Amino acid sequence: MKIRFNEWRDAISANPRVDNHKLGSNKFTTDQFQTVFFKMRPAIMLDGFTSHQLKLIQQVLRKNFRDLMYVCTFGEDETSERRVVYTDNNEDSILLMKDVQEDLFRRRKAKVESAIGIRHVIDLIASERKLIVGHSCFLDIAQVYSKFIGPLPSSIKEFALAINRIFPHVVDTRHLMSASDAVQHLMRQKSKALSSAFSLLCPAFHSTAGEASIPAPVRIEVEADETTLSCFASGAKHEAGYDAFMTGCVFAQLCAHIGVKFEDFTPKENLEMNKKMKKYINLLPPSFNSGTVLDLRTGMERADACYKLRYPAAVHDNIVLIWGFQSGLSAKDMKGCICKVFGPASVTTVFSIDSTAVLIQFSKQESVNDFMDLKATLEKQDSAISLLHPLSTILEGGQTRAANYDTYRDICSSSVTKYFFADQANAVCSASDTELRGENVDAGDALGTNSVLDETAHTLVKHAEGTKHCSKKQDATDISCQDILDALQDGKTLFGKQTRRT
């Protein structure tokens with residue numbers, strides 16, 4: 001290899017004015033050594049060598065040839081091209097390597113720019129300061145910020161102000177629905193989800209158009225062939241672009257309901273500057289049931305005067321967090337178990353966090369302590385009463401834990417992150433500070449709870465004895481399910497009296 005490079009270099013040095021035609025017919029050109037020009041310099045194209053052979057070639061060049069440079073570049077198809085290039089002197093070598101590095105940088109930059117895609121759209125929207133329309137778009141904007149702008153700020157106020165600097169005009173159609181009494185009346189029994197709003201406000205594009213009670217005030221035309229038009233009429237939600245189409249249609253109808261007339265607009269007039277529209281811009285509902293709006297201009301959250309609650313307002317003191325129960329137990333099942341003990345109106349809301357945890361809101365604050373105490377009592381007793389109690393379905397497995405809303409906040413604000421909420425809660429909380437009063441009872445409390453269960457058992461026996469008059473030969477253990485449930489309900493009543501006395 002050393003001899004071959006030396007002969008080729010001597011031939012080039014002897015005839016520096018050789019042109020490309022003569023260079024291509026050089027006697028040193030073979031399948032592996034193709035003599036070419038590279039950046040106006042004679043070069044050898046290295047083909048068919050293994051990676052080990054290429055390393056040996058580089059070592060030979062570094063040790064024996066100062067005027068031969070090993071250069072690796074990339075072709076149009078991203079395949080590597082390796083050459084040995086002849087240079088006249090040290091300055092020419094430096095200039096050659098500089099040119100190669102600049103070419104690689106430009107190629108990498110072009111590759112990155114070609115892969116950017118949606119970032120160009122985000123930058124263009126921000127630079128043009130266009131009106132952004134979304135439906136329940138608080139989390140969508142947070143995603144855009146996180147993926148294309150930077151890490152999310154540590155507080156909601158900082159986030160709101162940062163968004164307002166980048167996107168100064170944002171309107172949420174979910175908030176806009178609350179502005180019109182006619183729309184609120186129309187959707188009083190319907191969900192405010194995008195597909196539901198689209199089916200009611202834009203009947204021309206929905207298969208259930210006959211169900212709409214009011215005609216669409218704004219006529220929307222879509223230029224499409226028969227195949228595409230059938231897709232628009234089918235309600236293909238969550239498909240690429242279709243959610244944006246539905247949001248735009250809903251926005252157009254809502255504008256008409258609040259008195260914005262598109263036919264009165266001039267080409268140079270901006271919709272965000274319209275007086276009737278202006279008071280709804282930059283107000284985002286943080287969640288579907290918050291009853292508040294976040295003002296992006298000030299970063300402050302305030303009550304939404306137009307919002308009408310469909311669900312009970314959250315009362316944090318009435319909320320219990322439950323996690324670690326058996327898989328497959330739904331929020332509806334849990335509500336049913338608790339209502340059997342505390343009454344049909346005892347639970348107002350059940351919110352499922354994931355398959356391992358729920359938030360349960362009681363109608364009364366004292367029910368929180370009653371539930372926690374009853375849970376602790378049942379877990380400390382290994383008897384028929386505990387096994388047959390309605391709460392046994394929730395407590396089955398012995399891993400169910402419960403805490404108040406403050407503990408839920410602590411878990412959410414922790415830096416610990418687990419896939420399931422129960423795993424995160426167990427990692428954050430310890431047995432000493434997780435549970436509310438009654439979770440870790442002392443011996444004195446245990447005596448009190450034993451007496452409660454004794455009273456419950458005594459009540460159960462009374463129910464059993466009441467059935468004996470039907471047949472003297474009847475077994476004392478022959479008790480109906482209804483008798484057991486009645487006894488358990490009486491036990492719940494006695495337990496409530498006991499806790500109130502203490």
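# Exercises on a predicted model

In β4, the bridge partner of valine 71 is arginine 83. The model is a predicted one, and the exercises below start from this pair.

## Exercise 1

Task: Find how β3 and strand β4 (residues 80–86) pair, and over how many bridges. Then place both strands in their sheet.

Solution.

Step 1. The two strands run antiparallel and share seven bridges. One of the bridged pairs is valine 71 with arginine 83.

Step 2. Five residues lie between the strands of this hairpin, and glutamate 78 has a positive phi near 70°.

Step 3. The open sheet has four strands, ordered β1-β2-β4-β3, with antiparallel pairing. β1 (33–38) and β3 are its edge strands; each has a single partner strand, so one side of each lacks a neighbour in the sheet. From one strand to the next the twist averages 35°.

Step 4. At the other end of the order, β1 is joined by six bridges to strand β2 (residues 41–46), and the two run antiparallel. Here phenylalanine 38 is opposite arginine 41 of β2.

## Exercise 2

Task: Decide whether strand β3 (residues 68–74) is mostly covered or mostly open, and name the helix that lies across β1, β2, β3 and β4 at about 10° to β3.

Solution.

Step 1. Count the residues of β3 with under 20% relative accessible area. Five of the seven are buried, and the strand is mostly covered.

Step 2. Helix α4 (residues 90–116) crosses β1, β2, β3 and β4, and runs at about 10° to β3.

Step 3. β3 also appears among the strands touched by helix α1 (residues 2–14). That helix packs on the sheet, with contacts to β1, β2, β3 and β4, and its direction makes about 60° with that of β4.

## Exercise 3

Task: State which element gives the most residues to the largest nonpolar core, then describe the surroundings of phenylalanine 251 and threonine 247.

Solution.

Step 1. The largest nonpolar core holds 28 residues, and Phe198, Val250, Phe251 and Met277 have the most contacts inside it. Two or more residues each come from α8 (173–177), α9 (181–186), α10 (194–201) and α12 (242–257). The largest share is that of α12, which gives eight residues.

Step 2. Leaving out residues up to four places away in sequence, phenylalanine 251 touches Leu131, Val133, Val171, Thr173, Leu176, Leu271 and Met277.

Step 3. A second core of 23 residues lies apart from this one and includes Ile322, Val341, Phe362 and Leu391.

Step 4. Threonine 247 is also found in helix α12. Its relative accessible area is 9%, so it counts as buried. With the same sequence exclusion, threonine 247 touches Val133, Gly134, His135, Thr173 and Leu194.

Step 5. The C-alpha atoms of threonine 247 and alanine 197 are 9.1 Å apart, although 50 residues separate them in sequence.

## Exercise 4

Task: Work out which residues of helix α18 (residues 405–413) are buried, and against which elements they pack.

Solution.

Step 1. The buried residues are Tyr405, Thr407, Tyr408 and Ile411. Viewed down the axis of α18, they fall within an arc of 155°, so they line one face of the helix.

Step 2. The general rule is that an α-helix has 3.6 residues a turn, so residues three or four places apart point the same way.

Step 3. The partners of this face are β10 (319–323), β11 (347–354), β12 (357–362), β13 (401–404) and α19 (421–428).

Step 4. The four strands make an open sheet in the order β11-β12-β10-β13, paired antiparallel. β11 and β13 are at the edges with a single partner strand each, so one side of each has no neighbour in the sheet. The average twist is 20° from one strand to the next.

Step 5. Inside the order, β10 and β12 pair antiparallel over five bridges. Isoleucine 322 stands opposite valine 358 in β12. α18 packs on the sheet, touching β10, β11, β12 and β13, and its direction makes about 100° with that of β13. α19 touches β10, β11, β12 and β13 too, and its direction makes about 100° with that of β10.

## Exercise 5

Task: Give the chain totals for helices and strands, and for buried residues.

Solution.

Step 1. The chain has 21 helices and 13 strands.

Step 2. Of its 502 residues, 39% count as buried.

Technical notes:
Residues are numbered from 1 along each chain as its sequence is written. This is a predicted model: local features need pLDDT of at least 70, side-chain atom pairs count only at pLDDT 80 or more; totals for chains, interfaces and linings use all residues. Side-chain values use heavy atoms; hydrogens and water are left out. A nonpolar core is a set of buried Ala, Val, Leu, Ile, Met, Phe, Trp, Tyr and Cys residues joined through side-chain atoms within 4.5 Å. Buried means under 20% relative accessible area, exposed over 50%, partly exposed in between (1.4 Å probe, protein chains only). Contact means heavy atoms within 4.5 Å. The arc is that of the directions from the helix axis to the C-beta atoms. Two strands pair if DSSP finds at least two bridges between them. Axes are lines fitted to C-alpha atoms, for helices over the stretch in contact, and angles run from 0 to 180 degrees between N-to-C directions.
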